[in-house]
Amino acid sequence: MHEDRLDSYLVHCPYCSMPFDLLIDVSQGSHATWEDCPYCCSPIQVRVEVSPIASELEALVLGRDDEVL
């Protein structure tokens, strides 16, 4: 992880709808990961899509643990 590549994005928990800042490292390219909501502690699927040419975030999708992303 490159700390200079960490970008903060305001997202909402798909369970409790509370807003929180999510740090994304776009240098990892497109990937899927899990984060726990800082409020309700529910597991959130995170799908990150990064442009291979510009290395910029194209899409950020959050879902519940029982959803298929």
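Here are three short exercises on this predicted model, each with a worked solution. Local features need pLDDT of at least 70 and side-chain atom pairs 80 or more, while totals for chains, interfaces and linings use all residues. Numbering runs from 1 along each chain as its sequence is written, and side-chain values use heavy atoms, leaving out hydrogens and water.

**Exercise 1.** Find which strand gives the most to the largest nonpolar core.

Solution. Start with the membership: twelve residues, including Val11, Phe20, Ile24, Val26, Cys37 and Leu62. Such a core joins buried Ala, Val, Leu, Ile, Met, Phe, Trp, Tyr and Cys residues through side-chain atoms within 4.5 Å. Next, look at the strands (DSSP E runs of at least two residues, numbered from the N terminus). Both β2 (19-25) and β4 (43-50) supply at least two residues. The winner is β4, with four.

**Exercise 2.** Work out where Ser42 sits and whether to call this residue buried or exposed.

Solution. First, place Ser42: the loop between β3 (31-36) and β4. Then check the cut-offs: buried is under 20% relative accessible area, exposed over 50%, partly exposed in between (1.4 Å probe, protein chains only). Ser42 is at 16%, so buried it is. Finally, list its contacts (heavy atoms within 4.5 Å). Leaving out residues up to four places away in sequence, Ser42 touches Tyr15, Glu35, Asp36 and Cys37.

**Exercise 3.** List the contacts of Val26 beyond its neighbours within four places in sequence.

Solution. Take Val26, one of the core residues. Skip those sequence neighbours, and you're left with Arg5, Asp7, Val50, Ser55 and Leu57. Now cross-check with the core: Val50 belongs to it too.
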